[in-house]
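Let's take a relaxed walk through a protein chain, piece by piece. Keep the picture open while you read.

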Amino acid sequence: MSATLTPAADTPTAPEATPETQAAGSCVLTSHVSLKRVIMLVNPLAGSVGPRAAEEAGTILNGYACETSVVTLESGQFDAQIQAALDARPDVLFVLAGDGTAGSIASRAGPDGPLVAPLPGGTMNMLPKALYGTADWKAALKIALEEGAPQGVAGGEVSDGQTTQAFYCAAIFGSPALWAPAREAFRVGKLGLAWAYVRRALKRAFSGQMRFSLDGRPPRRAEALVLISPMISSAMDEDTGLEAAAMNPADAGQAFRLAAHAVLDDWRQDPAVTTRATQTVALRARSRIPAVVDGEPLLLRHEARVRFIRRAFRALAPIPAAAEDSV
């Protein structure tokens, strides 16, 4: 485990941040919560992190009047290093890693653990974008340090008896799960790649519908089911549950139209989509169920369950959360 440590300064904050005072370790920390001890976990092998990220993070953190430790996650040591960081009970634990690692750490911290700030270091970065409104991890780090406040984050948990995975933004079940990478490719202007993803998803469509049950109601059929957390759902105002959107295109033409809605505009307006709030979901299919959970692809067993978690963990994020990825 490698770390850089900055001793706490005598004065916790400075009245005004300037280039001169920043160099002296006096950038203005948020007034919403006391940040005396900060730990940052960095995975240099994550999709958009890079080998110099730990050094660059240390330079930024040195501009703030708090005790800071930057830990480089090492292969084979992830679990021990993460647990050590959680056991240290810092005021905030920053995570610069892939989407799956960040979500796993947030899940391990839980509602009673330290504040967690997942920075955009992965490929899709759904949770960091929702919290900080940027894919630039350095900008997100500064936003959290200077504007952050404790924010309860709701989410969901999917389990098929072998795999259990938490999510805080969205989970897509069924063959159209592959539309999620298409949407991301469209957002960054990679149109050729986006349509390649769409075509691949369409080829897998209609291979067998799922049955799903919401809150114990009678089962229904759907080509795909999307579950969206209250944090990023533009259709839900309260933490009453996950927004469940069932997709039922009748043929390839309707599926293509729905895919276009999903990546270009408000897909709820499509007549093949129905939505409602839910606390629990049961899924069943004849074969294994493809899924994308907060940007991470999964292949679930033929039966799975999902539950809503009203207070999954506490994030350090501006008020309100930026929610750039609202859907």
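Here is a short tour, from the whole chain down to single strands and helices.

## The whole chain

First things first: this is a predicted model. The chain holds nine helices and 17 strands. Of its 327 residues, 51% are buried. The accessible surface adds up to about 14500 Å², and carbon and sulfur atoms account for 50% of that.

How do the contacts spread along the sequence? If you take contacts between residues at least 6 apart in sequence, 71% of them join residues at least 24 apart.

## How confident is the prediction?

The average pLDDT of the chain is 80, and 72% of the residues score at least 70. Two stretches deserve some caution when you look at them. Over residues 1–22 the pLDDT stays under 50, and the model gives this stretch 40 contacts beyond four places in sequence. Residues 251–265 also have a pLDDT below 50, with 34 contacts in the model beyond near neighbours in sequence.

## Strand β8 and its two partners

Now find strand β8, residues 170–174. Is it covered or open? Mostly covered: five of its five residues are buried.

β8 pairs with strand β11 (residues 224–228) in the antiparallel sense, over five bridges. To spot this pairing, look for Ala171, which sits opposite Leu227 in β11. β8 is also joined to strand β15 (residues 289–293), again running antiparallel, by three bridges. Here the pair to look for is Ile172, opposite Val292 in β15.

## Strands β2 and β3

Strand β3 takes up residues 67–72, and five of its six residues are buried. Which way does β3 run next to β2? The two strands are parallel, and six bridges join them. Leu41 faces Val71 of β3 across this pairing.

## Helix α6

Helix α6 spans residues 137–147, and its buried residues are Trp137, Ala140, Leu141, Ala144 and Leu145. Why do these five line one face of the helix? Looking down the axis of α6, you find its buried residues within an arc of 130°, so they sit along one face. There's a handy rule behind this kind of pattern: an α-helix has 3.6 residues a turn, so residues three or four places apart point the same way.

What covers those buried residues? The list includes strands β2 (37–42), β4 (92–97), β5 (115–120) and β17 (303–317), along with helices α2 (53–61) and α5 (126–132). At the start of α6, have a look at Asp136: one of its side-chain oxygens comes within 3.0 Å of the backbone nitrogen of Lys138.

## Helix α3

Helix α3 (residues 78–87) has its own buried set: Gln81, Ile82, Ala85 and Leu86. These residues cover an arc of only 135° around the axis, which puts them on the same side of α3. Turn to the other side of α3 and you meet Asp79 and Asp87, which are exposed.

Among the elements that cover the buried residues of α3 are β2, β3, β4 and α4 (99–109). So β2 turns up in the cover of α3, and β2 is also part of what covers α6. Just after α3, check Arg89, which takes a positive phi of about 50°.

Note on methods
Residues numbered from 1 in each chain as written. Heavy atoms only, no water. Buried < 20%, exposed > 50% of the residue type's maximum accessible area, 1.4 Å probe, protein only. Helix = DSSP H or I, 4+ residues; strand = E, 2+ residues; numbered from the N terminus. Pairing = 2+ DSSP bridges. Arc of directions from axis to C-beta. Contact = heavy atoms within 4.5 Å. Polar contact = N/O pair within 3.5 Å; in protein donor to acceptor, adjacent residues only side chain to side chain. Areas by Shrake-Rupley, 256 points an atom, 1.4 Å probe, with all protein chains shown as cover. pLDDT = per-residue confidence, 0-100.
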